[in-house]
Amino acid sequence: HIHHMELSPDGKLLATASMDKTIRIWDSHSLQLLKVIGAANAFAHRSSVNRVLWLDNRVLASAGDDRILRVFRLELLSD
């Protein structure tokens, strides 16, 4: 169940915030999954992720039911 989704400022990436405690990063054109931020990441949310907000094309903020604001710098494959 997706709570929220948002395009990066350059329109290349789509971030989704999910009930399953994950943030997923997608290629906005092909919808290919590029990255999952979840339980394997020590800084991931421990409960449902409710919102995502791009601060720039590689920095993403998120908020969840754990009442914590997280900020992630994404290291993705080359543009």
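This is a short tour of a predicted model, one selection at a time.

**Stop 1: the core**

Start inside. Select Ile23, Ile25, Trp54 and Leu60: these are the residues with the most contacts inside the largest nonpolar core, which has 13 residues. Now colour β2 (13-18), β3 (23-27) and β5 (49-54), the elements that each give two or more residues to this core. As background, nonpolar side chains in soluble globular proteins tend to be buried together.

Stay on Trp54 and show what surrounds the residue. Leaving out anything up to four places away in sequence, Trp54 touches Glu6, Leu7, Ser8 and Pro9, then Leu13, Leu14 and Ala15, and also Ile25, Val59, Leu60 and Leu74. Two of the names from the core selection, Ile25 and Leu60, turn up in that list.

**Stop 2: the loop between β3 and β4**

Next, pick Ser28, which sits in the loop that runs between β3 and β4 (33-37). Which residues does Ser28 contact, apart from neighbours within four places in sequence? They are Leu7, Gly11, Lys12, Leu13 and Leu14. Draw a distance to Gly11 while you're here: a polar atom of the Ser28 side chain lies 2.4 Å from the backbone oxygen of Gly11.

Slide along to Leu31, in the loop between β3 and β4 as well. Check the backbone here, as phi is near 60°, a positive value in a residue that isn't glycine. Most residues other than glycine have a negative phi. Is Leu31 buried or exposed? Leu31 counts as exposed because its relative accessibility is 52%, and the cut-off for exposed is over 50%.

**Stop 3: His45**

Now jump to His45, in the loop between β4 and β5. His45 has a relative accessible area of 3%, so this residue is buried. Show side chains and look for two polar contacts: one of 2.7 Å to the side chain of Ser62, and one of 3.0 Å to the side chain of Asp66. Widen the selection to everything His45 touches, again skipping residues up to four places away, and you pick up Lys21, Ile23, Ser62, Ala63, Gly64, Asp66, Ile68 and Arg70. Ile23 should look familiar from the core stop.

**Stop 4: Arg67**

From Asp66, step to Arg67, in the loop between β6 (59-64) and β7. Arg67 has a positive phi too, near 60°. With a relative accessible area of 81%, Arg67 is exposed.

**Stop 5: a nonpolar patch**

Switch on the surface and select Leu53, Leu55, Leu69 and Val71, which together make a nonpolar patch of about 410 Å². Within this group, find Leu69, which belongs to strand β7 (residues 69-73). Leu69 counts as exposed because its relative accessibility is 62%.

**Stop 6: the salt bridge**

How many salt bridges does a search of the whole structure find? One. To see the pair, select Asp20 and Arg24, whose side chains meet at 3.2 Å, N to O. Asp20 is partly exposed, with a relative accessible area of 42%. Arg24, at 23% relative accessibility, also counts as partly exposed; the buried class is under 20%.

Definitions and conventions. Residues are numbered from 1 along each chain as its sequence is written. This is a predicted model: local features need pLDDT of at least 70, side-chain atom pairs count only at pLDDT 80 or more; totals for chains, interfaces and linings use all residues. Side-chain values use heavy atoms; hydrogens and water are left out. A nonpolar core is a set of buried Ala, Val, Leu, Ile, Met, Phe, Trp, Tyr and Cys residues joined through side-chain atoms within 4.5 Å. Buried means under 20% relative accessible area, exposed over 50%, partly exposed in between (1.4 Å probe, protein chains only). Helices (H or I, at least four residues) and strands (E, at least two) are DSSP runs, numbered from the N terminus. Contact means heavy atoms within 4.5 Å. A polar contact is a pair of N or O atoms within 3.5 Å; within protein, one must be able to donate a hydrogen and the other to accept it, and residues adjacent in sequence count only if both atoms are side-chain atoms. Patches are made of residues with over 30% relative accessible area and no salt bridge: like charges are joined within 9 Å, nonpolar side chains (Val, Leu, Ile, Met, Phe, Trp, Tyr) within 5 Å. Accessible areas come from the Shrake-Rupley method with a 1.4 Å probe; for residues, only the protein chains shown count as cover. A salt bridge is a side-chain nitrogen of Lys or Arg within 4 Å of a carboxyl oxygen of Asp or Glu.
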